[in-house]
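Open your viewer, switch to a cartoon view and keep the selection box handy. We will walk from the whole chain down to single side chains and back out to the strands.

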Amino acid sequence: KSKMLDQKPGYITINDLAGGIGLSQKTTSYSDFYYGLTTIHGYQISKEFILAAGMGFNVYGDGILIPVFLDFRYMFYVSRLTLYVSGDGGFLLKPSDLINTKQFINPALGASYSFSRKIALNFSAGLFSQFEDTRDSFINFKTGIIYKF
């Protein structure tokens, strides 16, 4: 029986630990580093495309921001190893001030390794950019578990 992740349309969830290192002068708040957790829930539309929504929390040196976003992935199945291109975009909410939000985008390249038709280990690296009055960018990394229902 194949150990490749199930490629049929259906519900999928991706849960990642994330972290980023700031690339700029790091003089504005929320620009030095961050680490956090995200959970993404969505639908595999076809063999190649996944469209999902996610949220989580990012811990910065200056406080916590809550990402709420859409996630898009294009998969390249090789074998048990699957390569992908992803794009996240949405808002970063400050728990103490929900009016003043930041926007962000996070294009990334990644790979997943399937342990079964339902479970895979996930790793990606990307450029996380957040915007408000200024733009702050990070090289970010994510690792976690993909579960296909």
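Here is a tour of this predicted model, one selection at a time.

**Stop 1: the whole chain**

Start with everything shown as cartoon. The protein chain has 0 helices and 8 strands, so named because those are the runs that DSSP assigns. Following the sequence, you will trace the pattern β-β-β-β-β-β-β-β.

Now turn the model about its principal axes: the C-alpha atoms fill a box of roughly 55 × 25 × 20 Å. The radius of gyration is 16 Å, which agrees with the value near 15 Å for a compact globule of 149 residues. If you switch on a surface, its accessible area comes to about 7700 Å², and 68% of that belongs to carbon and sulfur atoms. Of the 149 residues, 42% are buried. As for contacts between residues at least 6 apart in sequence, 57% of them join residues at least 24 apart.

**Stop 2: the nonpolar core**

Next, select Y34, Y60, L92, F128 and I146 and show them as sticks. These residues have the most contacts inside the largest nonpolar core, a set of 22 residues. Which elements give two or more residues to this core? Colour β1 (10–22), β2, β3, β4 (63–77), β5 (81–94), β7 and β8 to see them. The largest share, 4 residues, comes from β4.

**Stop 3: the aromatic rings**

Keep the sticks on and look at the rings. There are 15 aromatic pairs in the whole structure. Zoom in on Y34 and F128: their ring centres are 5.1 Å apart and their planes meet at 40 degrees, so this pair is tilted. Y34 sits in strand β2 (residues 33–44) and F128 in strand β7 (residues 119–131), so the pair ties together parts that are 94 residues apart in sequence. Are these two residues buried or exposed? Y34 has 4% relative accessibility and counts as buried; F128, also listed at 4%, is buried too.

For another geometry, move to Y113 and F115. Their ring centres lie 5.5 Å apart with planes at 80 degrees, so they form an edge-to-face pair. Y113 is partly exposed, at 35% relative accessible area, and F115 is partly exposed as well, at 42%.

Then select Y30, Y34, Y60, F69, F104, F128 and F138 together. Ring pairs link these residues into a cluster.

**Stop 4: the surroundings of F128 and N58**

Centre the view on F128 and show its neighbours. Leaving out residues up to four places away in sequence, F128 touches Y34, N58, Y60, L92, F104, I105, N106, D136, S137, F138 and N140.

From that list, pick N58 and recentre. N58 belongs to strand β3 (residues 49–60). How is it placed, buried or exposed? N58 has a relative accessible area of 3%, so it is buried, the cut-off being under 20%. With the same sequence neighbours left out, N58 touches Y34, Y35, G36, G63, I64, L65, P67, L92 and F128.

**Stop 5: the strands from β5 to β8**

Return to the cartoon and show backbone atoms for the later strands. Begin with β5 and β6: 13 bridges join them, and they run antiparallel. A hairpin connects the two through 2 residues. To find a bridge, select K94, whose partner in β6 is D97.

Step along to strand β6 (residues 97–114) and β7, an antiparallel pair joined by 10 bridges. This pair forms a hairpin with 4 residues between the strands. Where should you look for individual bridges? Select Q103, whose bridge partner in β7 is F131, and then S114, which pairs with A120 in β7.

Finish with β7 and strand β8 (residues 135–148). They run antiparallel with 13 bridges between them, and a hairpin of 3 residues joins them. As a last selection, take I119 and look across to Y147 in β8, which stands opposite.

Methods: Residues numbered from 1 in each chain as written. Predicted model: local features only at pLDDT ≥ 70, side-chain atom pairs only at ≥ 80, totals over all residues. Heavy atoms only, no water. Buried < 20%, exposed > 50% of the residue type's maximum accessible area, 1.4 Å probe, protein only. Contact = heavy atoms within 4.5 Å. Phe/Tyr/Trp six-rings, centres within 6.5 Å; stacked < 30°, edge-to-face > 60°. Pairing = 2+ DSSP bridges. Core = buried A, V, L, I, M, F, W, Y, C linked by side-chain atoms within 4.5 Å. Rg over C-alpha atoms; globule rule 2.2 N^0.38 Å. Areas by Shrake-Rupley, 256 points an atom, 1.4 Å probe, with all protein chains shown as cover.
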